[in-house]
Amino acid sequence: MKYAYIILIALLVAGCRKKAFIEFTGNTPGIKNGVFIIKTPGDSTIYGENIKDGKFILTNRYLKVPGYYTMKITDGDNNDNHEPFEIYLEGGKYAFETEAGKLYKYPKITSTSKTQEQLSVFYTLLDKISADANQEVKQLNLELKTKGNSLSNVAYSQLLNELGAAETKMITNNITAFKEFVKQYPNSDITTHLLSKLNYEDDPVGYYAIYKTLSPAAKNTDEGKEIGDRLSHLIKLVVGAKAPAINGKMPDGKPFDQKSITKKYILIDFWRAGNDFSRRNHQKIIDILGEGNNQKKLEIISVSLDTRSDWWTNAVNEDHMTWPQVSDLKGDDSPNVLNWSITTIPTYYLLDSNWTIVERNINIATLEFEVGDYIEKHP
């Protein structure tokens, strides 16, 4: 009887819990035929509506779980390929208003949600300070992808310089926007969530300085703890810092000896036998070694993040990797992953003969050019 009573109380409480309903209205000038879509972080569509003559409305929709979602408004007649926007949903009314011809900018969102209010402030700040630089980076990356192979070395180098300058400007602007938000909302509990959406790896020193000023509550969230730990490692991997040691053995079972590397420059290649992308790039590395005097000046060290010796050694042979090979066969649990802050495969570092970091996270698309260009400029 006691247990039946407990179950009855639980059912009554569940029945009395108020369900959250949500309503969306939109004003999208210039869009005759478009689509409004909201998705979960896992990319499942939960709400959608056609836009007709700049208007849309969805009423009395059940919201299963309050939280962060993504929203995108598209114009059927003009595809600008902008990224979806982050929003925070809870029960209530949401009104969206876009700027004509600028769907890449965060829309004006009116709601009773305090979290959404803060999101709107941050992303509007980001647009105001950094939108133009972000668009320039996207455009230059597109040019590099579509025209790169047909450009002369001089033109290619110039395009890379323009891209580098635009990326530097974008990084600086993103930090400025985040600083301004923290200044406006010093006790916000979503600051570390917002930080997780920024490319803080691009300037770990700058972002770590801001991170240390955040409220204890923000730093003690799961995201806050993870970012704090990651930034504390990343600041040790900036250009000019001493690179970490490499843990592991060579295919013959002998421990890797850093002192055995005597060439002027060292390219570290973090890869995995089951990763096709990193495997294909080994041909690029062979091409790099074949350029000019690179073989005399450049050493390659490939660090495998495999867990089985046969997978590793078979791939080494298949890819004709004649340079030093290292692995501790611990996969993602390898100390190399933490010490070198490896989050994607492949990852490339360029070091000098003193084991000092010259370049980190070299772009895969420009790997051959960047390594060759640096060696040419530093004979």
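Two strands count as paired if DSSP finds at least two bridges between them. That is the rule to hold in mind for the first stop, strands E12 and E13. The model on the screen is a predicted one.

Strand E12, residues 347–352, is joined to E13 by 3 bridges, and the two run antiparallel. One position to find on the screen is Leu351, which stands opposite Ile357 in E13. Helix H8, residues 276–290, packs on the sheet and touches strands E9 (265–271) and E10 (298–304) as well as E12. The direction of H8 makes about 165° with that of E9. Helix H12, residues 367–377, also packs on the sheet. H12 touches E9, E10, E12 and E13, and its direction makes about 160° with that of E9.

Now the sheet as a whole. It is an open sheet of 5 strands, in the order E11-E10-E9-E12-E13, and the pairing is mixed. Which strands are at the edges? They are E11, residues 325–326, and E13, each of which pairs on one side only. As a reminder, strands of a sheet pair through backbone hydrogen bonds, either parallel or antiparallel.

Just before E12 there is a loop to look at. Pro346 sits in the loop between H11 and E12. A cis peptide bond joins Ile345 to Pro346, with omega at about 0°. Ser341 is also placed in the loop between H11 and E12. Its phi is near 55°, a positive value in a residue other than glycine. Is Ser341 buried or exposed? At 6% relative accessibility, Ser341 counts as buried.

Asn60 is another non-glycine residue with a positive phi, here about 50°. Asn60 lies in strand E4, residues 55–63. With a relative accessibility of 58%, Asn60 counts as exposed, because the cut-off for exposed is over 50%.

Next, strands from the earlier part of the chain. Strand E2 (residues 33–39) pairs with strand E5 (residues 67–75) in the antiparallel sense, over 6 bridges. Gly34 has Asp75 in E5 as its bridge partner. E5 is also joined to strand E6, residues 85–89, by 5 bridges, again antiparallel. There, Tyr68 has Tyr88 in E6 as its bridge partner.

On to the interior. The largest nonpolar core has 49 residues, and those that touch the most other members are Phe24, Phe36, Ile38, Leu89, Leu195 and Leu231. Helix H3, residues 153–184, gives the most to this core, with 6 residues. Phe24 is worth selecting on the screen. Leaving out residues up to four places away in sequence, Phe24 touches several residues, among them Phe36, Ile38, Tyr47, Leu89 and Tyr94. There is also a second, separate core of 22 residues, which includes Leu267, Ile285, Met321 and Tyr348.

That brings us to the aromatic rings. A pair of aromatic rings is described by the distance of the centres and the angle of the planes. The count here comes to 20 aromatic pairs. Phe24 and Tyr94 form one that is tilted, at 6.1 Å centre to centre and 45° between the planes. Why does this pair tie together parts that are 70 residues apart in sequence? Because Phe24 lies in strand E1 (residues 20–27), while Tyr94 lies in strand E7 (residues 92–97). Phe24 is buried, with a relative accessible area of 0%. Tyr94 is buried too, at 3%.

A second example is Phe122 with Phe178. Their ring centres are 6.3 Å apart and their planes are at 90°, so the pair is edge-to-face. Phe122 is in helix H2 (residues 114–147) and Phe178 is in helix H3, so this pair ties together parts that are 56 residues apart in sequence. Both Phe122 and Phe178 are buried. They also belong to a cluster linked by ring pairs, whose other members are Phe85, Tyr106, Tyr123, Phe181, Tyr185 and Tyr207.

The last stop is helix H7, residues 222–234. H7 has 13 residues and reaches 18 Å from its first C-alpha to its last, close to the 18 Å expected at 1.5 Å a residue. Which residues of H7 are buried? They are Gly224, Ile227, Gly228, Arg230, Leu231, His233 and Leu234. An α-helix has 3.6 residues a turn, so residues three or four places apart point the same way. The cover over the buried residues of H7 includes helices H4 (191–196), H5 (204–211), H6 (216–219) and H11 (335–339), along with strand E13 (357–360). E13 is also where we began, joined to E12 by 3 bridges.

Methods: Residues numbered from 1 in each chain as written. Predicted model: local features only at pLDDT ≥ 70, side-chain atom pairs only at ≥ 80, totals over all residues. Heavy atoms only, no water. Helix = DSSP H or I, 4+ residues; strand = E, 2+ residues; numbered from the N terminus. Expected span 1.5 Å × (residues − 1). Buried < 20%, exposed > 50% of the residue type's maximum accessible area, 1.4 Å probe, protein only. Contact = heavy atoms within 4.5 Å. Axes fitted to C-alpha atoms, helices over the stretch in contact; angles between N-to-C directions. Core = buried A, V, L, I, M, F, W, Y, C linked by side-chain atoms within 4.5 Å. Phe/Tyr/Trp six-rings, centres within 6.5 Å; stacked < 30°, edge-to-face > 60°.
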